[in-house]
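Got the viewer open? Here is a short tour, one selection at a time.

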Amino acid sequence: MKILYFAHFRERANIAEEDIVLPKGVEDVNGLLDWLAARGEGYADAFADRDHIRVAVNQEHVEFDAAVKDGDEVAFFPPMTGG
Amino acid sequence: MTIRVQAEDFDTGAEIAKISASSSNVGGVCSFVGLVRDADEDKSITAMTLEHYPGMTEKQLAKIEAEAHQRWPLDDSLIIHRYGRLEPGEQIVLVVTASAHRKAAFEACEFLIDWLKTKAPFWKSEETPDGNTWVEAKATDDDAAEKWGK
């Protein structure tokens, strides 16, 4: 599974993208967030305020109860500020 | 229907001329250009850097543009959005819509800029005298997007 981080998530987790093996028992975005936040200080800090996290699975915006599986591209980012 | 996501600047006049000439049915062309300001409320801004999600950005812009063509009788449309470091006065985004009549062109143009602000994966970081800060999403932008429904 490929994980992408944008804007302040990239800065706080100190990584732009990484490949991970989906841990056993992680079936949705919520589970993935719990697992990522437990990996270390930067991740815990990045994912502390869940109200401000937006997520895309395979480049489609989804809610936290969306399913994830190996091979997916999952991206974490703050609310968008284009234009 | 055209979408371009690029670091380079664009020539608004040339783009409008191209769309104006695209069909003899075009009776009105509407455009919006977004620019970098040198201040946001009371803090001064020396530059901003736009980051985006290559791949998803193009998909989202294409979806938003297709939605505009569903809702209004447009002959053509164009969205250009820049990324990278931009200084005050520089152009960020261009939206152009062309239709037989002005109402559709005006409304579709406003719809496109309202929706892309909250639905296209771009993020702005501002350089200020106190350091760099990520721009937070504004409730007024959410309201502007929501007035067009889902």
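Start by selecting Val29(A) and showing what surrounds this residue. Setting aside neighbours within four places in sequence, you'll find Val29(A) in contact with Val55(A), Val62(A), Phe64(A), Ala66(A) and Val68(A). Bear in mind that you're looking at a predicted model.

Is Val29(A) buried or exposed? Count the C-beta atoms around Val29(A): 21 others sit within 10 Å, and the cut-off for buried is 20 or more, so this residue counts as buried. For a distance to draw, pick the C-alpha atoms of Val29(A) and Lys69(A): they are 9.8 Å apart, although 40 residues separate the two along the chain.

Now widen the selection. Val29(A) belongs to helix α2 of chain A, so grab residues 29–37. Besides Val29(A), the buried residues here are Leu32(A), Leu33(A) and Leu36(A). Turn the view until you look straight down the axis of α2(A): the buried residues fall within an arc of 100°, which means they line one face of the helix. What do they pack against? Colour α3 (41–46), β3 (54–57), β4 (60–62) and β5 (73–77) of chain A, and you have the partners of those buried residues.

Zoom out to the whole of chain A. There are three helices and five strands, and along the sequence they come in the order β-α-β-α-α-β-β-β. The radius of gyration is 12 Å, close to the 12 Å that the globule rule gives for 83 residues, so chain A is as compact as a globular protein of that length. If you draw a box around the C-alpha atoms along the principal axes, expect roughly 35 × 30 × 20 Å. Of the 83 residues, 29% count as buried. Switch on a contact map too: among contacts in chain A with a separation of 6 or more, 51% come from residues 24 or more positions apart.

While chain A is selected, colour by pLDDT. The average is 94, and 100% of the residues score at least 70. Where is confidence lowest, and where is it highest? The low end is α3(A), with a mean of 88, and the high end is β5(A), at 98.

Next stop, chain B. Select strand β8, residues 91–99: seven of its nine residues are buried, so the strand is largely enclosed by the rest of the structure. Add strand β2 (residues 28–35) of chain B, which runs antiparallel to β8(B) and is joined to it by eight bridges. To see how the two line up, label Cys30(B), which stands opposite Thr97(B) in β8(B). Then add strand β6 (residues 74–82) of chain B, also antiparallel to β8(B), with seven bridges between them. Here the pair to label is His81(B) and its bridge partner in β8(B), Val93(B). With side chains switched on, remember that in a regular strand they alternate between the two faces of the sheet.

Finish where the chains meet. How many residues of each chain take part? On the chain B side 21 residues are in contact with 13 residues of chain A. The elements of chain B that give two or more residues to this side are α2 (56–71), α3 (102–119) and β9 (122–128). Highlight α3(B), which gives the most, with five residues. Colour that side of chain B by class, and you get 12 nonpolar, four polar and five charged residues.

Terms used: Residues are numbered from 1 along each chain as its sequence is written. Chains are lettered from A and ligands numbered from 1 in the order in which they are written. This is a predicted model: local features need pLDDT of at least 70, side-chain atom pairs count only at pLDDT 80 or more; totals for chains, interfaces and linings use all residues. A residue is buried if 20 or more other C-beta atoms lie within 10 Å of its own, exposed if 12 or fewer, and partly exposed in between; C-beta atoms are placed from the backbone. Helices (H or I, at least four residues) and strands (E, at least two) are DSSP runs, numbered from the N terminus. The arc is that of the directions from the helix axis to the C-beta atoms. Two residues are in contact if their C-beta atoms, placed from the backbone, lie within 7 Å. The radius of gyration is taken over C-alpha atoms; the globule rule is 2.2 Å times the number of residues to the power 0.38. pLDDT is the predictor's confidence in each residue, from 0 to 100. Two strands pair if DSSP finds at least two bridges between them. Ala, Val, Leu, Ile, Met, Phe, Trp, Tyr, Cys and Pro count as nonpolar, Asp, Glu, Lys and Arg as charged, and the others, Gly among them, as polar.
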